[in-house]
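Let's take a walk through this one together. Keep the viewer open and click along as we go.

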Amino acid sequence: MPKVTAVNNEILYYRFDVDGDNFTSAGEASVQTKRILRRVGFPPEAIKRVSIAMYEGEINMVIHASGGVAELYIEEDRVVIVLTDHGPGIENVELAMQEGYSTAPDNIRSLGFGAGMGLPNMKRYTDGMEIETKVGEGTKITMTVNV
Amino acid sequence: MKMSEIASILDCRVLCCEDHMNSDVFSACGSDMMSDVLAYVKNQAVLLTGLVNTQVIRTAEMMDMVCVVFVRNKMPTEDILRVAEESGIVVMTTKHRMYEACGMLYASGLNRAEAGHAEGDGRE
Ligand SMILES: Nc1ncnc2c1ncn2[C@@H]1O[C@H](COP(=O)(O)OP(=O)(O)OP(=O)(O)O)[C@@H](O)[C@H]1O
Ligand SMILES: [Mg+2]
């Protein structure tokens with residue numbers, strides 16, 4: 001379950017732990033986020049963009065980085081998603097951003113993922129995306145969707 | 001086309017959310033790769049797949065899809081059905097293979113009525 005904190009009057013903040021050992025539960029943070037945003041009353045088109053981007057990022061944390069933390073900031077006119085993990089980091093971000101580039105092993109492909117489409121898709125569906133990563137330390141991805 | 005028509009065309013067993021069967025859907029897609037569904041689907045409402053895991057339902061929910069059809073008699077587990085139930089996603093299973101099932105729906109007019117609908121909110 002997410003932790004909820006009102007940062008101030010205008011920003012809602014939620015924090016989700018993303019379990020890296022459980023492929024079945026992957027995506028729960030995105031499902032909850034979708035429900036929260038529906039309750040807030042954002043337009044479906046914006047909610048869909050947040051959902052897809054966050055879900056791709058959440059799945060990445062599970063399959064490439066043994067889990068992490070997803071944070072959600074809901075502001076009046078935008079949603080900010082911050083995904084932080086302590087996985088292996090991304091060696092070459094430019095390469096990782098290319099459609100079709102994937103280091104996922106075959107067992108991940110048999111689960112329906114690992115086509116190398118996630119990161120480019122996250123960029124496509126958001127209005128801003130920033131990747132901070134260091135090999136051996138982890139990855140932090142910040143995405144913004146304007147509503 | 002109503003989801004109940006899809007069920008009868010494909011001779012499906014409906015496993016979850018039968019109460020939504022009267023809703024209309026206008027298009028479908030078939031894929032075993034959720035990566036591709038997330039990257040290429042626009043406004044398709046029905047997902048036909050031979051992949052059986054929880055992420056199929058989650059992917060459908062993220063894409064605002066309303067129905068998942070498992071092909072080749074694949075049976076989802078209780079866990080998968082519970083996730084679908086919570087999300088209000090209709091789940092069916094058909095004995096037909098992917099190629100046949102897609103062809104049967106296409107031949108019955110699904111997708112064609114709404115050509116041009118696929119533009120959606122695509123952001124290239
Ligand atoms: N959080 C992460 N930690 C470490 N490496 C990552 C992370 N996210 C992505 N990567 C690396 O970047 C590559 C490309 O990621 P991307 O999401 O585009 O594709 P994928 O996850 O391999 O496949 P798909 O997203 O289509 O299922 C991955 O294969 C992996 O090597
Ligand atoms: Mg990915």
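B:Val37 counts as buried, at 2% relative accessibility; buried here means under 20% relative accessible area, exposed means over 50%, and partly exposed is in between (1.4 Å probe, protein chains only). You'll find B:Val37 in helix 2 of chain B, where helices (H or I, at least four residues) and strands (E, at least two) are DSSP runs, numbered from the N terminus. Jump from B:Val37 to B:Met63 and you have moved 26 residues in sequence, yet the two C-alpha atoms are 8.3 Å apart in space.

Before going further, a word on the ground rules: this is a predicted model, local features need pLDDT of at least 70, side-chain atom pairs count only at pLDDT 80 or more, and totals for chains, interfaces and linings use all residues. Residues are numbered from 1 along each chain as its sequence is written, chains are lettered from A and ligands numbered from 1 in the order in which they are written, and side-chain values use heavy atoms, with hydrogens and water left out.

Stay on helix 2 of chain B for a moment, since B:Ser35 lies there too. Is B:Ser35 buried or exposed? At 5% relative accessibility, B:Ser35 counts as buried. The C-alpha atoms of B:Ser35 and B:Thr59 are separated by 8.9 Å, with their positions 24 residues apart along the chain. Keep B:Ser35 in mind, because this residue is also among the closest to ligand 1.

Now zoom out to chain B as a whole. Chain B has five helices and five strands, and along the sequence they run α-β-β-α-β-α-β-α-β-α. Of its 124 residues, 52% count as buried.

The loops on either side of helix 2 are worth a click. In the loop between strand 2 (28-30) and helix 2 of chain B sits B:Ser31, which is buried with a relative accessible area of 14%. The B:Ser31 side chain reaches the backbone nitrogen of B:Met33 at 3.0 Å. That is a polar contact, meaning a pair of N or O atoms within 3.5 Å; within protein, one must be able to donate a hydrogen and the other to accept it, and residues adjacent in sequence count only if both atoms are side-chain atoms. On the other side, B:Ala45 lies in the loop between helix 2 (34-40) and strand 3 (46-49) of chain B. B:Ala45 is buried as well, with a relative accessible area of 12%, and its C-alpha atom is separated by 6.0 Å from that of B:Val25, 20 residues apart along the chain.

Next, the ligand. Which residues are closest to ligand 1? The shell holds 22 residues, and the closest are A:Ser102, A:Thr103, A:Gly114, A:Met117 and B:Ser35; a residue belongs here if one of its heavy atoms lies within 4 Å of the ligand. Residues from chains A and B surround ligand 1, so the site is shared between chains. Polar side-chain atoms make two of the approaches: one from A:Ser102 lies 2.5 Å from an oxygen atom of ligand 1, and one from A:Thr103 lies 2.5 Å from an oxygen atom of ligand 1. With A:Gly114, a polar backbone atom is 2.7 Å from an oxygen atom of the ligand.

Looking at what the shell is made of, the elements giving two or more residues are helix 2 (44-65) and helix 5 (118-125) of chain A. Helix 2 of chain A gives the most, with four residues.

Two loop residues have backbone angles to check. Phi of A:Ser66 is near 45 degrees, a positive value in a residue other than glycine. A:Ser66 lies in the loop between helix 2 and strand 3 (67-74) of chain A and counts as exposed at 59% relative accessibility. B:Asn73, not a glycine either, has a positive phi of about 60 degrees. B:Asn73 lies in the loop between strand 4 (67-70) and helix 4 (78-87) of chain B, and is exposed with a relative accessible area of 53%.

Finish in chain A at A:Ile108, in helix 4 (residues 106-109). A:Ile108 is buried, with a relative accessible area of 9%. The C-alpha atoms of A:Ile108 and A:Phe23 are 85 residues apart along the chain and separated by 9.9 Å.
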